[in-house]
Amino acid sequence: MRSIVWSNNCLTLLNQTLLPNRLEYIECHDWQRVAEAIRRLEVRGAPAIGAAAAFALVLGAGELTELAMPEFKEKVTQIASVLRQTRPTAVNLFWAIDRMLTVLDQMAENADSNAAVTALEQAAIAIAEKDKTVNEKMAVHGASLFTKPTAVLTHCNAGALATVAVGTALGVVCKAWEQGNITQVFADETRPLLQGARLTAWELMQAGIPVTLITDNMAGWVMKNNMVQAVIVGADRIALNGDVANKIGTYSVAVLAKEHGIPFYVAAPSSTFDFTIHSGADIPIEERCATEVTSLGGNCVAPKEVNVFNPAFDVTPNNLVAAIITEYGILRTPYSQAISQLVQKCK
């Protein structure tokens with residue numbers, strides 16, 4: 001299952017808004033269509049968004065080859081500014097764009113624009129390939145946390161659909177399942193857009209891993225009745241102190257896990273860490289349109305004029321997080337110290 005495929009100057013995206021009812025791909029031949037796909041959640045998940053934005057810059061640069069390098073750089077930077085505005089919380093988006101612009105900055109002022117496009121394409125491909133390798137390493141590290149048959153609960157979707165290939169939290173689950181240490185996965189439906197119901201349940205069923213779908217407000221009762229022994233989720237941005245931004249509802253799950261003595265694990269690549277902010281209070285939280293809450297499957301389920309608060313993410317404080325799984329290994333409290341060491345490894 002591939003969420004993103006780059007071939008012959010075309011970015012093909014699996015349209016995640018149509019799953020699980022329809023398996024349909026979007027062919028993006030220009031950067032504007034990629035930006036639209038990111039906004040619409042047709043491509044979603046922090047690592048996948050980052051890779052998609054990188055290829056969007058390649059497409060945009062390819063439209064500018066008649067320009068001299070100074071103007072070429074200016075126009076590509078303008079495209080990058082638009083892409084940054086598509087999803088404000090997922091830091092992988094900004095990480096990938098910054099890497100691409102670094103490549104552009106290294107081009108000489110008298111360089112050929114076609115050579116710059118080639119360099120940008122190679123950089124985007126490297127970002128995508130690195131995501132595969134990173135997730136495979138995370139899966140191995142994370143699976144080591146599961147040494148006996150365990151039922152886990154997850155929230156939103158952090159599988160292959162959210163990345164270029166393997167997945168973050170679900171990558172760990174799949175590896176632990178292969179090793180015989182996952183017995184069952186409980187998937188929160190994840191209102192309002194049902195990424196758990198539509199995507200995680202579908203992914204796990206495709207992989208042959210036992211999955212039980214529950215509504216978000218059933219998680220506490222499932223824990224109370226000892227039906228799960230661990231929680232594992234992905235992340236969209238992690239601060240220097242270990243505070244974690246993830247899909248709305250994650251904080252509630254973490255509080256419930258703490259109350260019931262259940263470890264709450266986060267799986268995220270180093271590219272999801274924001275080394276410029278000190279705590280979750282500094283993380284911008286995207287707010288989305290009211291219709292995502294007032295309608296379901298195109299049908300209105302609430303009064304049309306009702307006031308709606310629709311943050312797409314929340315922040316889980318570090319004291320609720322038992323461990324953070326990265327490609328460099330497993331981080332534990334004190335997170336400020338562990339993440340400082342991670343910063344050094346990423347240089």
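Which residues are buried in helix α6 (residues 169-178)? Keep that question in mind while you look around; we will come back to it at the last stop. One note before you start clicking: this is a predicted model.

**Stop 1: the sheet**

Begin by selecting the strands β1 (4-7), β2 (10-14) and β3 (25-28). Together they form an open sheet of three strands, ordered β1-β2-β3 and paired antiparallel. At the edges you will find β1 and β3, each of which pairs on one side only. Neighbouring strands here are turned against each other by 20° on average, ignoring direction.

Now zoom in on β1 and β2. These two run antiparallel and are joined by four bridges. To see one pairing up close, pick Val5 and look across to its bridge partner in β2, Thr12. As a reminder, strands of a sheet pair through backbone hydrogen bonds, in either a parallel or an antiparallel way.

**Stop 2: the helix on the sheet**

Next, add α2 (46-62) to your selection. This helix packs on the sheet and touches β1, β2 and β3. Its direction makes about 25° with that of β1.

**Stop 3: helix α1 and its ends**

Move on to α1 (residues 31-39). Just before the helix, show the side chain of Asp30, which caps the N-terminal end of α1. One of its side-chain oxygens lies 3.2 Å from the backbone nitrogen of Gln32. Past the other end, click on Leu41, which follows α1 and has a positive phi, near 70°.

Then colour the buried residues of α1: Trp31, Arg33, Val34, Ala35, Ala37 and Ile38. What lies over them? The cover includes the strands β2 and β3 and the helices α2 and α3 (69-84).

**Stop 4: α1 against α3**

Keep α1 on screen and bring in α3. The two helices pack at an angle of about 15°, and their axes are 10 Å apart. Because angles under 35 degrees count as roughly parallel, α1 is roughly parallel to α3. Their crossing is right-handed. For the contact itself, show Trp31, Ala35 and Arg39 on the α1 side, with Ile79, Val82 and Leu83 on the α3 side. Trp31 and Ala35 deserve a second look, since you have already coloured them as buried residues of α1.

**Stop 5: helix α6**

Finally, select α6 and return to the opening question. The buried residues are Ala169, Leu170, Gly171, Val172, Val173 and Ala176. After the helix, finish on Gly180, whose phi is positive, near 85°.

Technical notes:
Residues are numbered from 1 along each chain as its sequence is written. This is a predicted model: local features need pLDDT of at least 70, side-chain atom pairs count only at pLDDT 80 or more; totals for chains, interfaces and linings use all residues. Side-chain values use heavy atoms; hydrogens and water are left out. Buried means under 20% relative accessible area, exposed over 50%, partly exposed in between (1.4 Å probe, protein chains only). Contact means heavy atoms within 4.5 Å. A polar contact is a pair of N or O atoms within 3.5 Å; within protein, one must be able to donate a hydrogen and the other to accept it, and residues adjacent in sequence count only if both atoms are side-chain atoms. Two strands pair if DSSP finds at least two bridges between them. Axes are lines fitted to C-alpha atoms, for helices over the stretch in contact, and angles run from 0 to 180 degrees between N-to-C directions. Angles under 35 degrees count as roughly parallel, over 145 as roughly antiparallel, 65 to 115 as roughly perpendicular and the rest as oblique. A crossing is left-handed if the near helix is turned anticlockwise from the far one by less than a right angle, and right-handed if clockwise.
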